[in-house]
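Visitor: I'd like a close look at just one part of this model, please. Pick a stretch, tell me what surrounds it, and then follow the contacts outward from there.

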Amino acid sequence: MINFKSVPSRLARITSSGKYIREIDGLRFVAIMPVLIQHLSERLYRYSSVEWATPIAEDPVAFLASRGTIGVFLFFSISGFILCLPFAKYHLQGGRKLSYRSYLWRRVTRLEPPYLIWMTFFFIILLIRQPMQEGLWSHWGYSMIYMHNWVYSSYTPINPVAWSLEIEIQFYLLAPFLAALFFSIKNTVYRRSILVVAIFVFIAMQHNLGWMALPYKISLLGQLQHFLIGFLMADIYLVNYQDQQPKQYWLFDGIAVVAFFTLCFTWSEEWGKNLLFSAALFLLFLAAFRGKGFSQFLRKPWIAAIGGMCYTIYLIHLPLMEGLIRFTRHIHLTNWFSLNLIVQGLIVVPIILAIAAFFYLLLEKPFMDKHWPTKLKNWIATKWLSTTQLKKTES
């Protein structure tokens, strides 16, 4: 019998530094859930034969469900936070210096195996189902090297959600240099002020230089401000929160709620709304550490565990939904879209999370161990030596 109380601990992530910030995995949960809801909502609308009581364009629940991409932007901020931490520690606190080569190698050994496995698996599925689809090999090839966004100026048909992972890779390559640029400034007020100005200036550049349009908006040029918000939070965390638990207030719980809905209503290409969006994203991130109830929620074992396996969830959820909705679309209650979306969510989301948990343990968590390449090499060497000795004995 499965002991469900022990499941979150089995799903807990392995970190390179050994230090685990539970609020960050809780934020990953907050990021992945809107993505799941949006994609489920789109598939319900696309595949259901129900004539909805309210047109989708006028349904407020459908509108909020369509805002799921805000979760991707929150993921970008979390990446900015996590990736700059070791470099910020080195510049601000005299921490261990991390070489660019070892930094990149860690990214390759941690993230590449699950990505390559799943993208190739979905490519094979498409190849079997649509062997004559034009350009499928090309889409797969460019997706493998994270160049699909630039080459095609569109999402890859292999797995459309990979557009954001290509941006993540662009940021990975640049993050150590940006961290050195900002965190070499020792004065805290100057450093944070420059970060805020950089976010403001970059948004202005996006609007004036056309970076809000394709292909730029699905590149780092269209998204860098979100990563810089993560830099700003990393600065606050290291200087103010790392050694002592910050004071938490119910006020920040209210701020978290307001910030989340502000994100929903300001995700736009308008310059002013972009500024508000960035401010709300920062406040939501800040409330993760300062909110009394919000912080407790993020630290709950199941919330942090689901957030911790978000990479696998993100990689597999869309193709899974495409398959599952073909069966569940026939289940409906009344003709209200919101009620049916809840019903679909209660059925589809748990299935996706269960499947993701299995494959997270099988195909992602093993690669979190930074020593896995050495262990694999030693295992192969041991097996080869044992086989060689056995053959000598038999001869």
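Guide: Before we start, a word on "contact": here two residues are in contact when they have heavy atoms within 4.5 Å of each other. Also keep in mind that this is a predicted model.

Let's take helix 14, residues 301-308. Of its 8 residues, 6 are buried, so the helix is largely enclosed by the rest of the structure. The buried ones are I303, A304, A305, I306, G307 and G308. To count as buried, a residue has to have under 20% relative accessible area. What does the covering? Among the elements lying over those buried residues are helix 1 (7-11) and helix 2 (22-47), along with helix 13, helix 15 and helix 16. Let's follow a few of these threads.

Start at G308, one of the buried residues of helix 14. G308 is touched by M368, which sits in the loop between helix 16 (337-363) and helix 17 (372-394). M368 has a relative accessibility of 1%, so it counts as buried even though it is a loop residue. Leaving out residues up to four places away in sequence, the other partners of M368 are R13, I14, R106, R110 and Y360. If you want a yardstick, K273 is 95 residues from M368 in sequence, and their C-alpha atoms lie 38 Å apart.

Now helix 16, which is one of the elements covering helix 14. Have a look at A356, which is part of helix 16. With a relative accessibility of 0%, A356 counts as buried. Beyond its sequence neighbours up to four places away, A356 touches M309, T312, I313 and I316. A356 and L318 are 38 residues apart along the chain, with 12 Å between their C-alpha atoms. At the other side of helix 16, the loop that joins helix 15 (310-328) to helix 16 holds T334. T334 has a positive phi of about 55° and is not a glycine. Most residues other than glycine have a negative phi.

Helix 13 is another of the elements over helix 14, and it leads us on to helix 11. The axes of helix 11 and helix 13 come within 5 Å and cross at roughly 70°, and the two helices are therefore roughly perpendicular to each other. At the crossing, W250, D253 and A256 from helix 11 meet K292, G293 and F294 from helix 13. Sorted by class, that contact has 3 nonpolar, 1 polar and 2 charged residues.

Helix 11 itself covers residues 250-266, so to speak 17 residues spanning 24 Å from first to last C-alpha, close to the 24 Å expected at 1.5 Å a residue. Its buried residues are F252, D253, A256, A259, L263, C264 and T266. Helix 13 (292-299) helps cover them, and so do helix 3 (60-65), helix 4 (70-93) and helix 12 (271-290).

Between helix 3 and helix 4 there is a loop, and G68 is in it. G68 counts as buried, at 2% relative accessibility. Apart from neighbours within four places in sequence, G68 is in contact with P34, V35 and Q38.

F294, which we met at the helix 11 crossing, takes us to the largest nonpolar core, a group of 118 residues. F294 is listed among the residues with the most contacts inside that core, together with L27, F81, Y115, F171, F231 and F289. Helix 4 gives the most to this core, with 13 residues. In soluble globular proteins, nonpolar side chains tend to be buried together.

Y115 is a good core residue to zoom in on. Not counting residues up to four places away in sequence, Y115 touches S143, M144, Y146, A162, L165, Y311 and L315. Of these partners, Y146 deserves a second look: Y146 is not a glycine, yet its phi is positive, at about 60°. Y146 lies in the loop between helix 6 (136-144) and helix 7 (148-152), and with a relative accessible area of 10% it is buried.

One last backbone detail, away from our route: the peptide bond from L214 to P215 is cis, with omega near 0°. P215 is in the loop between helix 9 (188-208) and helix 10 (224-241).

Methods. Residues are numbered from 1 along each chain as its sequence is written. This is a predicted model: local features need pLDDT of at least 70, side-chain atom pairs count only at pLDDT 80 or more; totals for chains, interfaces and linings use all residues. Side-chain values use heavy atoms; hydrogens and water are left out. Helices (H or I, at least four residues) and strands (E, at least two) are DSSP runs, numbered from the N terminus. The expected span of a helix is 1.5 Å times one less than its number of residues. Buried means under 20% relative accessible area, exposed over 50%, partly exposed in between (1.4 Å probe, protein chains only). Axes are lines fitted to C-alpha atoms, for helices over the stretch in contact, and angles run from 0 to 180 degrees between N-to-C directions. Angles under 35 degrees count as roughly parallel, over 145 as roughly antiparallel, 65 to 115 as roughly perpendicular and the rest as oblique. Ala, Val, Leu, Ile, Met, Phe, Trp, Tyr, Cys and Pro count as nonpolar, Asp, Glu, Lys and Arg as charged, and the others, Gly among them, as polar. A nonpolar core is a set of buried Ala, Val, Leu, Ile, Met, Phe, Trp, Tyr and Cys residues joined through side-chain atoms within 4.5 Å.
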